[in-house]
Amino acid sequence: MGTLGFFTTYLTVTLGRLRRQLWLLAGLALLCLLLPLMAGRAAQTLLSQGVEFGGVTLAVIAPAGDSTPARLEEYMSGMEDIAQYCRVEAMEEDEALAALERGEVTAVLALPERFIQGVMGGENPDLRLIVAGDRPLESLLLLWVGQSAADILSAFQSGVYAVLELYGQSPPPGLSWERVVADINLRYIAMALDRSSFFETRQVSATQALPIALYYALSLLCYFALCAAPLFMPVYGGDWLRFQRRLRGAGRSCAAGFFSGVAAGVPALLILLLPALLAAGGGRSVPALLGAAIVMAVFCSLFCALCCLAAGSAGGCGAMAFLVSLLSLALAGGIVPPVLLPGAVQRLSWLSPVGWLRQTAAGAMGYETAGSAWVCLILACAGMAAGGLALYRREVDRQEVAQ
């Protein structure tokens, strides 16, 4: 029998062994069809609507007789951007601390004596912020707001000092020092009130180029396909490897056994991938989606073969595939959106197989994808094929020693 004929016969026998997993494969196919789509829609609803946030309440106190807290309450209430998340209330010290204790205010801002005069004079007096220990999120928000305000104040004070320095070098006739100090501070106050014109607002999608629902549907689909490794244990272990030993005695290479197992896994994985891809793509670009599904199935089949051969048992294979797939899903931003991942994790996301497979599917649907995903996919397939074949040969040799 020629090489091609032998491989075809071998593939047919291998597919026959996988028929034992037919019902399990059908159940997983139904799971891959329904769960990713439902999870994608749920993620879209969650990330589009956001989470409810009632804002924070900041109590402002000052030494007795100081009207600054009341003035701050009046001015800050008129700033719409701040009023959206922070309400300022002027209080007496005892009243504010009691309200903080009862949870009625988020924090208490204690102003020093002659605060406004100190700011105008360039002294920048220290402030004291009292927060509740059981509300860390709101405290962090107030800390961030305070740091931002301090940065703006420092920048404005630098401008004030620069103007006063120029005035000191060459005072214009008829313009007093007090007038210059008052005018430049008022000018920067006006700029602070109109600070929204300094910024450009950009809307950033949580999932970058892909729609949220499609992004999470494809991510979970790729994750499930990688987790299907235990289904293929019948063609990578037990009596099947002992059969390979007899074929080696007849002069046949282990390559036929290994690659027939990989080839038999492709149509099985297509049953999992293709219906879900067609549903996610809305029935569009069927030829392109079929090609993407075949590429994804080849990659997943090689991955499943590697897990089966490296683990040696269905339980170990399942645990290995689950851990690797879950790590890949997290690294690709399939759990936490990419924009919320730490910078170090975002820089490593190109190493995720889930990311490569997701971009392959997205490219078939007409979305822009990175060329590096294809390069990584091809190199990974070549590496898994070489590593899987070496493990397959080792397992067959081990069966010979056991006999």
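In the predicted model, Arg179 and Asp183 both belong to helix α8, which spans residues 177–193. The two residues are four positions apart in this helix, about one turn. Their side chains form a salt bridge, in which the closest N and O atoms are separated by 2.8 Å. Both partners are partly exposed: the relative accessible area is 47% for Arg179 and 34% for Asp183.

A search of the whole structure yields two salt bridges. Besides the pair in helix α8, a salt bridge joins the side chains of Arg102 and Glu104, with an N to O distance of 2.9 Å. Arg102 has a relative accessibility of 52% and is classed as exposed, because the exposed class begins over 50%. Glu104, at 49%, is partly exposed.

Nonpolar side chains also contribute to the surface of the model. Phe322, Leu323, Leu326, Ile335, Val336, Val339 and Leu340 make up a nonpolar surface patch of about 610 Å². Among these residues, Ile335 is situated in the loop that lies between helix α13 (314–331) and helix α14 (343–348). The relative accessible area of Ile335 is 47%, so this residue is partly exposed. Ile335 is therefore eligible for the patch with respect to accessibility, as its value of 47% satisfies the requirement of over 30% relative accessible area.

Note on methods: Residues numbered from 1 in each chain as written. Predicted model: local features only at pLDDT ≥ 70, side-chain atom pairs only at ≥ 80, totals over all residues. Heavy atoms only, no water. Salt bridge = Lys/Arg side-chain N within 4 Å of Asp/Glu carboxyl O. Buried < 20%, exposed > 50% of the residue type's maximum accessible area, 1.4 Å probe, protein only. Patch = residues over 30% accessible without salt bridge, like charges linked within 9 Å, V, L, I, M, F, W, Y side chains within 5 Å. Areas by Shrake-Rupley, 256 points an atom, 1.4 Å probe, with all protein chains shown as cover.
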